[in-house]
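Good morning, everyone, and thank you for making the time. I would like to go through one structure with you, beginning with its internal spaces and then moving on to salt bridges and the surface.

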Amino acid sequence: MSDMADPPSALANPGYRNLWAASIVANFGTFMLMVGAAWAMVGLGEGPTLVALVQSAIVAPIFLFGIAAGTFADLYDRRRVAIVALALGLLASLVLVALTVGSGLSAWPLLFCCFLVGTGNAIFSPAWQTAVAEQVTPAQLPQAIMLNSVSYNLARSAGPGAGGLLVSVAGPLGGFLFNTVSFIPILLAFLLWRPKLHRATLPRERLGQALTAGLRYISHSAPLRAATLRALLAGLIGCALTALAPLIARDVVGGGSETFGLLLASLGAGSVVGALGQGRLRNRFGTEGGARILSLAGAAGSALVAFSTSLAPSCAGFLLAGVGIAGQGALLNVFFQTNSPRWVSARTLSAFQSVFAGGMAIGSLMWGEITTRTGLVGALELVALAFAATILVGLVYPIRTPEATPRGEPEPLPGALMEVDRLPLDVGPIVIELHYGIDPVADEAFLALMKEVRATRLRNGAREWTLRRDLEDDTHWVQRFICRDWRDYLHLRQRSSAAERRLHEEVAALQATAAPPDIRIFLQVD
């Protein structure tokens with residue numbers, strides 16, 4: 001089914017529509033801040049490294065705190081998490097305005113305030129994006145995810161140009177003031193939103209265990225591992241043009257803040273095209289095929305910028321690169337959100353965002369240093385080559401879409417929701433054994449299925465997993481896995497999705513008798 005069936009249908013939901021419209025204003029504010037801060041750094045007479053660090057300061061918190069933020073969003077009320085995050089960003093923006101008005105602005109306080117605003121964005125993003133599933137129907141979810149990317153890229157398209165004009169009239173302070181005001185609509189929208197409360201059937205996970213559970217889920221999901229690698233490369237390479245745009249505007253095109261804004265506006269316009277078009281690419285060529293095509297667009301656009309010395313071809317190069325950069329980001333965003341179950345969706349999404357942002361933060365500094373050593377043209381040529389090289393990575397380690405997507409609320413297995421007070425929640429380790437009687441003629445099919453079972457157990461919470469065969473009875477097999485404590489075991493049982501339950505049924509169907517596997521649960525005491 002196409003995810004591009006009438007995008008406005010998601011906007012028919014009032015709660016989502018109000019938050020989406022407010023998010024456009026908030027995204028504009030972020031780009032106004034980025035333009036104002038970058039140009040303020042140039043005005044302070046700083047070199048390429050500190051200019052590029054403006055972008056690093058804004059996106060680095062997503063890398064540093066994103067996974068923890070996603071864990072909070074999975075464990076707690078996402079509305080409250082979003083409100084706290086927005087309040088932090090608003091406070092940091094007010095401090096930046098005060099420093100500028102008081103003529104106390106210098107490079108490091110500027111970077112610190114940008115870092116605090118970025119921290120608020122890092123906490124807010126997973127709560128907002130995964131809350132979308134509570135505002136639209138399951139059929140509208142891919143459309144809503146796509147519209148969120150469009151919201152960001154609309155601001156990316158028009159925000160820098162408007163920011164450049166505003167900075168040229170009112171100086172960096174104008175951008176800082178706009179960013180401050182932009183928090184108000186989204187903050188009010190979340191204060192007014194009243195989501196449906198979900199009654200927890202199990203005790204909440206502990207923060208540390210929940211965080212490691214999210215990382216464990218990704219590490220035992222081959223599709224998400226491949227997508228995570230591509231997210232790292234996309235951030236590492238895709239940040240180059242944005243980070244170097246002030247220098248390209250000044251030293252290559254020979255312009256000022258208006259030229260800087262036009263270059264970023266071109267990048268943003270291409271980003272809108274990429275975000276809107278990635279669905280068609282994915283439907284026709286798959287996630288991996290779409291990612292390769294978008295990498296080619298990024299390579300071509302970067303090469304055009306590298307060999308251009310005037311504004312028009314430079315803008316064209318930025319536009320084409322924007323298609324590739326934002327298209328890949330939106331493509332991977334949809335992949336993570338539609339291939340993760342609800343219990344871990346904010347954590348997997350925030351892991352994607354953290355890796356992507358970490359690549360951007362490291363890449364911004366890296367490209368600044370490369371530019372210092374090789375010159376601007378040499379750095380841009382390397383950017384084009386790096387984009388092309390990601391296609392080779394995809395040939396070796398492609399992103400494969402799972403046959404069954406773990407969407408929606410997983411139903412527990414029969415008998416899975418045992419009484420919580422049967423054992424203290426922190427008692428453990430808990431050892432689970434499933435004993436099978438398999439005819440040797442079915443060994444090959446059994447082993448193939450158990451390989452998939454291993455991945456499901458480990459990503460849903462098991463700490464160890466083994467499969468043993470009885471040397472005296474070659475029909476007797478034992479699947480054994482361990483959970484840290486009784487709480488982890490209860491959560492593991494509830495996390496089994498419909499596709500995973502069918503997998504367990506296929507294994508049980510290989511039994512030599514019609515009886516189900518014998519299940520035994522032990523408390524490890526050594």
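Before I describe any lining, a word on classes: Ala, Val, Leu, Ile, Met, Phe, Trp, Tyr, Cys and Pro count here as nonpolar, Asp, Glu, Lys and Arg as charged, and the others, Gly among them, as polar. Please also keep in mind that what you see is a predicted model.

With those classes in hand, let me take the second largest cavity, which holds about 80 Å³ of space. Eleven residues line this cavity, and those closest to its centre are Met34, Ala38, Gln55, Thr242 and Ala243. By class, its lining has nine nonpolar and two polar residues, with no charged residue. Helices α2, α3, α10 and α11 each supply at least two of the lining residues, and α3 gives the most, with four.

The structure holds five cavities of 30 Å³ or more, and the largest of them contains about 1000 Å³ of space. Of the 41 residues that line the largest cavity, Asn27, Ile62, Ser125, Gln129 and Tyr152 are the closest to its centre. The elements that give two or more residues to this lining include α2, α3, α5 and α6, and also α12 and α13. Its lining divides into 21 nonpolar residues, 19 polar residues and one charged residue.

Let me turn to the salt bridges, of which the structure holds seven. In one of them, the side chains of Arg230 and Glu288 meet at 2.8 Å, N to O; Arg230 lies in helix α9 and Glu288 in helix α11, so this pair ties together parts that are 58 residues apart in sequence. Both Arg230 and Glu288 are buried. The side chain of Glu288 also meets that of Arg292 in a salt bridge, again 2.8 Å from N to O, and these two residues both lie in helix α11, four residues apart, about one turn of the helix. Arg292 is partly exposed, with a relative accessible area of 25%. Arg230, Glu288 and Arg292 are thus linked in a network of salt bridges.

Elsewhere, Arg469 and Asp443 form a salt bridge at 2.6 Å, N to O. Arg469 lies in strand β2 and Asp443 in helix α15, so the pair ties together parts that are 26 residues apart in sequence.

Finally, on the surface, Val181, Ile184, Leu188 and Leu191 make a nonpolar patch of about 340 Å². Leu191 is found in helix α7, residues 172-192, and counts as partly exposed at 37% relative accessibility.

Notes: Residues are numbered from 1 along each chain as its sequence is written. This is a predicted model: local features need pLDDT of at least 70, side-chain atom pairs count only at pLDDT 80 or more; totals for chains, interfaces and linings use all residues. Side-chain values use heavy atoms; hydrogens and water are left out. Patches are made of residues with over 30% relative accessible area and no salt bridge: like charges are joined within 9 Å, nonpolar side chains (Val, Leu, Ile, Met, Phe, Trp, Tyr) within 5 Å. Accessible areas come from the Shrake-Rupley method with a 1.4 Å probe; for residues, only the protein chains shown count as cover. A salt bridge is a side-chain nitrogen of Lys or Arg within 4 Å of a carboxyl oxygen of Asp or Glu. Buried means under 20% relative accessible area, exposed over 50%, partly exposed in between (1.4 Å probe, protein chains only). On a 1 Å grid over the protein atoms alone, a cavity is a set of points where a 1.4 Å probe fits but cannot get out, and a pocket is an open set with protein on both sides within 12 Å along at least five of seven lines; lining residues have an atom within 4 Å of a point. Grid points are joined across faces, edges and corners, and a volume is the space filled by probe spheres set on the points.
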